[in-house]
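Please open the model in your viewer and keep the selection tool at hand. The tour goes from one selection to the next and says what can be found at each stop.

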Amino acid sequence: MKTYTICGSMRFEKEMKDIAYQLETQKGFNIFQCTYTPENHIPSKKELNEIEKSHYKKIDLSDGIYIVNIDYYIGESVKKEIEYAEEHNKEILYHLK
């Protein structure tokens, strides 16, 4: 069973949750998900820094990353995650919708 960290814009939070479910139940993948911000909460800089460190640790522990690329949108954070994954010889899979 391969492990992937799901990466994508937080504007696609609902879709990423649904896709993670499908990948685990239909493809047999183990998925590390993003840290989703509680509703009506604006994270502080410190919180965002901790979330980012945690996300990159998930990538380190994964076989690869799974990019949720809805309407061909990839933001700056996801571009950095792709670069990081490439630098660490991680597999990169794309979910186009």
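Begin by selecting Val 78, Glu 81, Ile 82, Tyr 84 and Ala 85, which are the buried residues of helix H3 in this predicted model. Looking along the helix, you should find them on the same side of H3, because they cover an arc of only 160° around the axis. If you now add the strands and helices that these buried residues pack against, the selection takes in E1, H2, E3 and strand E4, the last of which runs over residues 91–96. Turn to the other side of H3 and select Glu 76 and Glu 87, both of which are exposed.

With the whole of H3 selected, you have twelve residues, and the distance from the first C-alpha to the last is 17 Å, close to the 16 Å expected at 1.5 Å a residue. Just after H3 comes Asn 89, where the backbone takes a positive phi of about 55°.

Next, select helix H2, which covers residues 45–61. Its 17 residues should span 24 Å at 1.5 Å a residue, and its end C-alpha atoms are 25 Å apart, which agrees. Within H2, highlight His 55, Tyr 56, Lys 58 and Ile 59, which are buried. They lie on the same side of H2, since the arc they cover around the axis is only 150°. Among the elements that cover these buried residues are strand E1 (3–7), strand E2 (30–32), E3 and H3. The face of H2 that is turned away from this buried side carries the exposed residues Lys 46 and Leu 61.

Now move to the loop between E1 and helix H1 (13–26), and select Ser 9 there. Is Ser 9 buried or exposed? With a relative accessible area of 14%, Ser 9 falls under the 20% cut-off and therefore counts as buried. To see what it touches, leave aside its neighbours within four places in sequence and show Met 16, Tyr 73 and Val 78, with which Ser 9 is in contact. Val 78 is one of the buried residues of H3 selected at the start.

For the last stop, go to the loop between strand E3 (64–69) and helix H3 (76–87), where Tyr 72 lies. Tyr 72 counts as exposed because its relative accessibility is 67%. Finally, add Tyr 94 and Leu 96 to the selection and display the surface: together with Tyr 72 they make a nonpolar surface patch of about 390 Å².

Key:
Residues numbered from 1 in each chain as written. Predicted model: local features only at pLDDT ≥ 70, side-chain atom pairs only at ≥ 80, totals over all residues. Heavy atoms only, no water. Patch = residues over 30% accessible without salt bridge, like charges linked within 9 Å, V, L, I, M, F, W, Y side chains within 5 Å. Areas by Shrake-Rupley, 256 points an atom, 1.4 Å probe, with all protein chains shown as cover. Salt bridge = Lys/Arg side-chain N within 4 Å of Asp/Glu carboxyl O. Helix = DSSP H or I, 4+ residues; strand = E, 2+ residues; numbered from the N terminus. Buried < 20%, exposed > 50% of the residue type's maximum accessible area, 1.4 Å probe, protein only. Expected span 1.5 Å × (residues − 1). Arc of directions from axis to C-beta. Contact = heavy atoms within 4.5 Å.
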